[in-house]
Amino acid sequence: MPLGWFRAENFRCLAAVELELDPRANLFVGPNASGKTSILEAAFFLGRGRSFRSRRREVLVRHGQQEFLLAGRSEADPAPMTMGVRASREQTEWRLGGAPAEGVADLAEQFPAQVIDPEVHKLLEEGPGRRRRFMDWGVFHVEPTFLSNWRRYHQALRQRNAALKQGRGDEDLAAWEQELAVSGEELARQRDSYLARLAGPLGSIGAALLDRPITVVHGAGWDRQSGLLASLQEGRARDRRYKATQLGPHRGDVTIQVAGRPAKDQVSRGQQKLVASALMLAQLAIQEQQRPGRSALLLDDPAAELDRENLARLMAAVQSLPAQLWVTSLRADIPGLPAASRMFHVEQGAVRRG
Ligand SMILES: Nc1ncnc2c1ncn2[C@@H]1O[C@H](COP(=O)(O)OP(=O)(O)O)[C@@H](O)[C@H]1O
Ligand SMILES: [Mg+2]
């Protein structure tokens, strides 16, 4: 199972919370502003190195404190593995198996956390940044070379953009274009093959949630007919005007369609939540195929935006996956939650077993 034990200190309103978790389902019940979402946010941070609510580190540290501390013990095979992070406004230290870790990427493989929260519909509504992050998180788990390739691409991109800002000549741009083209074409290929793999679970989960097929189409970020190298060369004059590289996988996107039409144009907010949730669940299904027994699904206030029938559908789809569940709710009776879920009461930043 993913986490058997979890501890958070000085994270948001949580002074010191310690949890013995159920391998299958954990329910956090409490009134508004009691700290339920903060618990999921803390777990997410341990596995992902960021919050799903804010980009600003300082809001995560408990008021009046200097740093927060998160720790967990994964019970996944072959042996239990401890992990932790200590983070202040300026500094972050990761630990894995009792030793310093290089970064969150090491922990992300041990504890891949996926979240479905009331903002999940933004995956459809907002700009491409979220969808790129979604896609790349998935690719990261299935392609061992993804991270180094991604870094290589972004390093070259920064260099070419710096050259553009400085008004350098073609020779200086060409020096980075070769590198950008090689790593960028590879990134797009890896995204292609990930999205092709996603299609399977997305098809079945989409059908269960919406009765209609959900499909994804990869937009690479440049015209695939002409290669990336040629596109960069042809785009130099325009890029000089913008002082930044306008084409490439850093401009990639995923078009999400329901029954063949763009999802964001046609579905209600509740349906948007189901579509975005289907994407998250399909991604989690692939993560679990790749490294079984590690994934956690953080389900924050699943009842928000959903009527009873759709909530029941979502919970049924969630339960068909083997992930550990962390569910928050104002009320204890969530239709479709396993009867044997472990219950925690959350009040004013403190937690007790129910
Ligand atoms: N850095 C912080 N330090 C202390 N309290 C915080 C911090 N950030 C947020 N809070 C408080 O935490 C409380 C709980 O928030 P939240 O986890 O969203 O509750 P819930 O999900 O139960 O509604 C809120 O009252 C908020 O004001
Ligand atoms: Mg909340």
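A polar contact is a pair of N or O atoms within 3.5 Å; within protein, one atom must be able to donate a hydrogen and the other to accept it, and residues adjacent in sequence count only if both atoms are side-chain atoms. The model is predicted, with local features requiring pLDDT of at least 70 and side-chain atom pairs counting only at pLDDT 80 or more, whereas totals for chains, interfaces and linings use all residues. Residues are numbered from 1 along each chain as its sequence is written, ligands are numbered from 1 in the order in which they are written, and side-chain values use heavy atoms, with hydrogens and water left out.

**Exercise 1.** Describe the surroundings of ligand 1.

*Solution.* Begin with the residues near the ligand, that is, those with a heavy atom within 4 Å of it: there are 15, of which Ala 33, Lys 36, Thr 37, Ser 38 and Arg 53 come nearest. Next, sort this shell by class, which gives five nonpolar, six polar and four charged residues; here Ala, Val, Leu, Ile, Met, Phe, Trp, Tyr, Cys and Pro count as nonpolar, Asp, Glu, Lys and Arg as charged, and the others, Gly among them, as polar. Then turn to the backbone, where a N or O atom of Ala 33 lies 2.7 Å from an oxygen atom of ligand 1, while polar backbone atoms of Ser 34 and Gly 35 lie 3.1 Å and 3.0 Å from a ligand oxygen, respectively. Finally, consider the area: ligand 1 taken alone exposes 580 Å², and the protein buries 74% of that (Shrake-Rupley method, 1.4 Å probe).

**Exercise 2.** Locate the salt bridge between Glu 67 and Arg 86, and state how accessible its partners are.

*Solution.* A salt bridge requires a side-chain nitrogen of Lys or Arg within 4 Å of a carboxyl oxygen of Asp or Glu, and in this pair the closest N and O atoms are 2.5 Å apart. Glu 67 belongs to strand β4 (residues 67–74) and Arg 86 to strand β5 (residues 81–88), so that the pair links distant parts of the chain, 19 residues apart; helices (H or I, at least four residues) and strands (E, at least two) are DSSP runs, numbered from the N terminus. Glu 67, at 31% relative accessible area, and Arg 86, at 36%, are partly exposed, the class between buried (under 20%) and exposed (over 50%), with a 1.4 Å probe and protein chains only.

**Exercise 3.** Characterise the salt bridge between Arg 152 and Glu 179.

*Solution.* The N to O distance is 2.9 Å. Arg 152 lies in helix α5 (residues 146–165) and Glu 179 in helix α6 (residues 170–210), 27 residues apart.
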